[in-house]
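Biologist: I am new to this structure. Please start at the loops, look closely at the backbone there, and then follow the aromatic rings.

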Amino acid sequence: MQKKISTIPFTGTPEQAAKLQEVIEANKNDKSRLMAVMQEAQEIYGYLPVEVQQMIADGMDVPLEKVFGVASFYAQFALSPKGKYNISVCLGTACYVKGAQALIDGLSEKLGIGVDECTPDGKFSIEACRCIGACGLGPVLTVNDEVYGRLTDKDIDGILAKYEA
């Protein structure tokens, strides 16, 4: 599954930029630290928008394409912000065969976003994961750390309503 790049405008703060500059400064002479710098940048910003990737590329003196290649290859990196309520739908085998794709389709329709996207108000985001270890409850989704199991697409409205209030 290809990662989607955020269409939400970047809103980094000067404080975040200063923190990232400190991280880059401490690591700029060792290109093998690129991934570690990217991990710290994601901790600072919550995701790796192209603006942050460019800061890393410039500071570490590596091509932007290399930073983007690492960010888009490894699942640990997000190219879009996470919403206040991050919804993760399990697409592991047990959940998938029990209808997990219908959950993703229903969430996408209700929220107007796809997988790896965030609503413009920053309230909800959707992601797909491979397995959360609750196979007996499939299909399963989580909203932040709360687990919901044995779901159908008809359960989506009730779950979303809990967080829209």
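**From the loops to the aromatic rings**

Modeller: Start with Asp116, in the loop between helix H6 (100-111) and strand S2 (117-118). Keep in mind that this is a predicted model. Phi of Asp116 is near 65°. That is a positive value, and the residue is not a glycine. Is Asp116 buried or exposed? Neither term fits: its relative accessible area is 22%, so Asp116 is partly exposed, given that buried means under 20% and exposed over 50%.

Next comes Asn144. This residue sits in the loop between S4 and strand S5 (146-148). Here too phi is positive in a non-glycine residue, near 55°. Asn144 has 37% relative accessibility, so it counts as partly exposed.

Now step to the loop between S3 and strand S4 (141-143), where Pro139 is found. The peptide bond between Gly138 and Pro139 is cis. Its omega is about -5°.

Strand S3 leads on to the rings. How many aromatic pairs does a search of the whole structure find? The search finds 4. Take Tyr85 and Phe124: their ring centres are 5.8 Å apart and their planes meet at 40°. Stacked planes would be under 30 degrees apart and edge-to-face planes over 60, so this pair is tilted. Where do the two residues lie? Tyr85 is in strand S1 (residues 85-90), and Phe124 is in strand S3 (residues 124-129). The pair therefore ties together parts that are 39 residues apart in sequence.

Tyr85 is buried, with a relative accessible area of 15%. Phe124 is buried as well, at 4%.

Tyr85 has another partner, Tyr163. The centres of these two rings are 4.9 Å apart. Their planes are at 50°, so this pair is tilted too. Tyr163 belongs to helix H7 (residues 156-164), while Tyr85 is in strand S1. This contact therefore ties together parts that are 78 residues apart in sequence. Tyr163 has 9% relative accessibility, so it counts as buried.

Put the rings together. Tyr85 pairs with Phe124 and with Tyr163. Tyr85, Phe124 and Tyr163 form one aromatic cluster. Strand S1 and strand S3 each supply a ring of one pair, and helix H7 supplies the partner of Tyr85 in the other.

Key. Residues numbered from 1 in each chain as written. Predicted model: local features only at pLDDT ≥ 70, side-chain atom pairs only at ≥ 80, totals over all residues. Heavy atoms only, no water. Phe/Tyr/Trp six-rings, centres within 6.5 Å; stacked < 30°, edge-to-face > 60°. Helix = DSSP H or I, 4+ residues; strand = E, 2+ residues; numbered from the N terminus. Buried < 20%, exposed > 50% of the residue type's maximum accessible area, 1.4 Å probe, protein only.
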